[in-house]
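Trainee: I would like a close look at the strand pairing in this model, beginning with a single pair of residues. Please then carry on to whatever lies against the strands.

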Amino acid sequence: MKRLAPAALALAAFISTPLYAVPAPPTAAPAPNGSSAATDRAPVAFIQPNPPAVDAKAYVLVDAASGEVLAQRDAEERLQPASLTKLMTCYVLFNALKAGTLKLTDPVTISEHAWRAEGSRTFVQVGSQVPAEVLIKGMIVQSGNDATIALAERVGGTESAFVQLMNSYAQRLGMSNTHFDNSTGLPSPTHYTTAHDLSLLARALVREFPDYYTWFSIREFVWNNIRQENRNGLLGRDPSVDGMKTGHTDAAGYCLVTSAKRDNMRLIAVVLDSNSIKAREEASAALLNYGYTNYQVINVERAGTTILKPRVYKAVDDYYGVGPNADVSIVIPRAQASSIETNASVKRPLLAPLSTNVAVGELQIVVGGKPMKSVPLYPLANVPQGGFWSRLSDSMRLWYSRGR
């Protein structure tokens with residue numbers, strides 16, 4: 001039977017504490033002359049400014065990585081999205097490209113239905129065959145409804161069948177207040193979404209398709225000897241803006257989904273139903289500047305960092321490291337960066353074997369005294385079972401500890 005050294009026993013007793021204890025701050029001595037030390041010496045508390053007042057019926061500003069909402073107004077209200085609909089059309093097409101059912105070089109035949117599309121156009125000719133990549137760029141940059149319908153028919157067989165795919169993907173992404181009637185965003189009574197749902201879609205496009213996402217930054221596109229500029233004016237005004245899409249109909253107003261990255265932080269602003277092109281761009285710019293001015297990303301822990309080394313029973317060794325399997329970051333107001341605390345705990349008792357993909361504890365992140373985020377902790381290496389005598393002696397230890 002193996003014996004634990006006194007140092008190991010002390011370490012085991014320390015690790016058995018479920019959470020790291022945070023010492024209470026010392027009690028301040030009474031201030032002289034009856035004055036209040038807290039009143040006289042404490043710094044003035046930081047006041048978080050309110051989001052800017054912008055020209056939009058609904059909006060939301062989110063951190064792209066975490067989905068944390070930094071500002072919003074009526075973000076769950078169902079509104080018509082106009083050509084922001086094409087973001088979902090892109091999502092379906094990008095999935096088809098990823099699956100190989102559509103190739104960028106595939107010739108796409110332009111049907112009469114696509115050719116007769118109302119609204120914005122890429123000016124493709126009926127009966128012609130155009131490479132899929134050209135049509136995708138025409139849909140993103142020029143917002144061409146003719147290019148959009150042609151692509152929908154190529155992937156879905158018919159536009160209505162393609163729309164079924166759009167609604168299926170919307171549900172899969174958690175866009176519970178969204179329903180599409182067409183691939184283009186032309187007005188329809190039951191064609192609607194919300195600012196929040198569009199933020200989910202925008203995050204998915206950035207996260208899942210980084211290579212295709214670069215198309216949203218194209219400033220202009222030429223087809224059939226016609227040059228058209230990207231309607232997202234922020235691409236030329238703010239170097240941190242690298243996408244995504246504009247939209248406008250009389251029913252929807254002026255809409256804009258904007259994605260920007262400054263340093264290690266990407267924000268997404270969704271603005272619905274502004275009164276003009278200038279208004280939607282100014283609203284988006286104001287929201288982005290508000291987010292970057294008042295919030296920051298804090299990297300709390302790196303993937304693979306040892307957070308605890310708990311006792312693992314019936315294993316080859318006594319102690320094994322546990323930590324997060326992905327980088328742990330949070331988005332917080334800049335003034336609260338110094339108030340971050342972490343508490344770690346593991347399940348008791350831990351028994352071998354353990355796998356690196358099964359959580360055995362959690363790391364809780366506290367900001368300003370309030371729990372903000374919990375992250376699972378995993379063994380940093382697979383933990384094999386020990387030999388017969390190790391398992392037997394640990395079984396006896398566990399039995400004895402339960403009996404006390």
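Mentor: In this predicted model, Trp223 stands opposite Ile226 in strand S6, and that pair is a good place to begin. Strand S5, residues 220-223, and strand S6, residues 226-229, pair in the antiparallel sense over four bridges. Together S5 and S6 form a hairpin with two residues between them, and in the turn Asn224 has a positive phi of about 60°.

From the hairpin we can turn to an open sheet of five strands, in the order S2-S1-S9-S8-S7, with antiparallel pairing. Strand S2 (69-73) and strand S7 (241-249) stand at the edges of this sheet, and each has a single partner strand, so one side of each is left without a neighbour in the sheet. From one strand to the next the twist averages 5°. Within the sheet, strand S1 (residues 58-63) and S9 run antiparallel and are joined by six bridges, with Leu61 standing opposite Ala269 in S9. Helix H8 packs on the sheet, where it touches S1, S7, strand S8 (253-262) and S9, and the direction of H8 makes about 140° with that of S9.

Helix H8 (195-208) and strand S9 (265-274) also help to line the second largest pocket, for each supplies at least two residues of its lining, as do strand S10 (295-301) and strand S13 (328-333). This pocket has a volume of about 370 Å³, and of the 18 residues that line it, the closest to its centre are Asp63, Ala64, Ala65, Ser66 and Asn264. By residue type, the lining divides into seven nonpolar, four polar and seven charged residues.

There is also an open sheet of four strands, which has the order S12-S17-S16-S14 and antiparallel pairing. Its edges are strand S12 (322-323) and strand S14 (340-346), each with a single partner strand, so one side of each is left without a neighbour in the sheet. S14 pairs with strand S16 (residues 361-367) in the antiparallel sense over seven bridges, and Glu341 stands opposite Val366 in S16.

What, finally, does the sequence of strand pairs rest on in general? Strands of a sheet pair through backbone hydrogen bonds, either parallel or antiparallel. For the two sheets described here, the pairing is antiparallel in the five-stranded one and antiparallel in the four-stranded one.

Conventions
Residues numbered from 1 in each chain as written. Predicted model: local features only at pLDDT ≥ 70, side-chain atom pairs only at ≥ 80, totals over all residues. Heavy atoms only, no water. 1 Å grid on protein atoms, 1.4 Å probe; cavity = no way out; pocket = protein on both sides within 12 Å on 5 of 7 lines; lining within 4 Å. Points joined across faces, edges and corners; volume = space filled by probe spheres on them. Nonpolar A, V, L, I, M, F, W, Y, C, P; charged D, E, K, R; others polar. Pairing = 2+ DSSP bridges. Axes fitted to C-alpha atoms, helices over the stretch in contact; angles between N-to-C directions. Contact = heavy atoms within 4.5 Å.
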